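I opened the model to take notes on its fold and on a few residues. The entries follow in the order I looked things up.

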Amino acid sequence: MAPGSFAEYTVLPASAAAPVASLQPQYVTLPVSATTAYISLKELGGLSEGTKVLVTAAAGGTGQFAVQLAKKAGCHVIGTCSSDEKSAFLKSIGCDRPINYTTEPVSTVLKQEYPKGVDVVYESVGGAMFDLAVDALAIKGRLIVIGFVSGYQTPTGLSPVKAGTLPAKLLKKSASVRGFFLNHSLSKYQAAMDHLLKMYAGGDLVCKVDLGDRSAEGRFIGLESVFRAVDYMYMGKNTGKIVVELSRSVSSKL
């Protein structure tokens, strides 16, 4: 957990590193994706037994952890995804109602099956999905923004949202929208990592990784494959956290 990325080596204080039991790609999912879900839901989610939680991009790098952590807190979890394969993965990690938005309109499902709304939204897509999530909030609902991937490739890095009506919608429901950026909660980071490492070691946490085996050119190996990996993510092809492996020449020196 240090500045810099897409490098074979880096220099950092020992305090910024977390010891792991072995060299497994699953550990790469924890420092940002899992800790973001853990800390944000703990600090802002107000989760309790029976809370209805909607997770957007639920089969992605951080969504998978929001689903599992909410489920372990006794919540009813709804997750959006883009394929039947991802829907099956979500069911396997405890998601009560996966919604494949390519075959089911998310807004229709939410209106029909959750007419009183959802209590918490863990939102990472932005744009139209953000607007839909606001409309789906229950009375005193809480929407946590941890990203907006739909806009990252636009000139501004943002997707347009219906901000003009947002104040009225929030007031009408006594609802709230909160942003969460991990760098502002680093005082809680190490405790979160320790807890998540114990969960994974104990078999209580699935850390799904996507190494690119199903991409057109195969597995992501070496820095030269980073470009393919990023495109793969933007196309919404990944299930779990995308991991780029170091080339063997680098790994052999570790």
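**Notebook: chain, strands, single residues**

I began with burial over the whole chain: 45% of its 254 residues count as buried. I note here that the model is a predicted one.

I looked up the secondary structure next and found nine helices and eight strands in the chain.

I then checked the overall dimensions. The C-alpha trace spans about 60 × 40 × 35 Å along its principal axes. The radius of gyration is 18 Å, and a compact globule with 254 residues would have one near 18 Å, so the two agree.

I asked how far apart in sequence the contacting residues are. Among contacts with a separation of 6 or more, 65% are between residues 24 or more positions apart.

For the surface, I have about 13,400 Å² exposed by the chain, with 58% of it supplied by carbon and sulfur atoms. I also looked up the charges: there are 26 positive and 20 negative side chains. The centres of these two sets lie 6 Å apart.

**Strands 2 and 3**

I followed strand 2 (residues 76–81) and found that it pairs with strand 3 in the parallel sense, over four bridges. Opposite P98 in strand 3 I found G79.

Which way do the residues of strand 3 (residues 97–100) point? I noted R97 and I99 on one side, and P98 and N100 pointing the other way. Both pairs are buried, R97 included.

**V67**

I picked V67, which lies in helix 2 (residues 63–72). Is V67 buried or exposed? Its relative accessible area is 0%, so V67 is buried, the cut-off being under 20%.

I listed the contacts of V67, leaving aside neighbours within four places in sequence: V55, A58, V77, L90, I93 and C95. Of these partners, V77 falls within strand 2 (residues 76–81).

I also took one long distance from V67. The C-alpha atom of G222, 155 residues away along the chain, is separated from that of V67 by 31 Å.

**Positive phi**

I searched for positive phi outside glycine and wrote down two residues, A57 and S174.

A57 has a phi near 50 degrees. I placed A57 in the loop between strand 1 (52–55) and helix 2. A57 has a relative accessible area of 30%, which means that this residue is partly exposed.

For S174, phi is about 50 degrees. I found S174 in the loop that runs between helix 6 (166–173) and strand 6 (176–179).

Note on methods. Residues are numbered from 1 along each chain as its sequence is written. This is a predicted model: local features need pLDDT of at least 70, side-chain atom pairs count only at pLDDT 80 or more; totals for chains, interfaces and linings use all residues. Side-chain values use heavy atoms; hydrogens and water are left out. Helices (H or I, at least four residues) and strands (E, at least two) are DSSP runs, numbered from the N terminus. The radius of gyration is taken over C-alpha atoms; the globule rule is 2.2 Å times the number of residues to the power 0.38. Buried means under 20% relative accessible area, exposed over 50%, partly exposed in between (1.4 Å probe, protein chains only). Contact means heavy atoms within 4.5 Å. Accessible areas come from the Shrake-Rupley method with a 1.4 Å probe; for residues, only the protein chains shown count as cover. Lys and Arg count as positive and Asp and Glu as negative; His and the chain ends are not counted. The place of a charge is taken as NZ of Lys, CZ of Arg, CG of Asp or CD of Glu. Two strands pair if DSSP finds at least two bridges between them.
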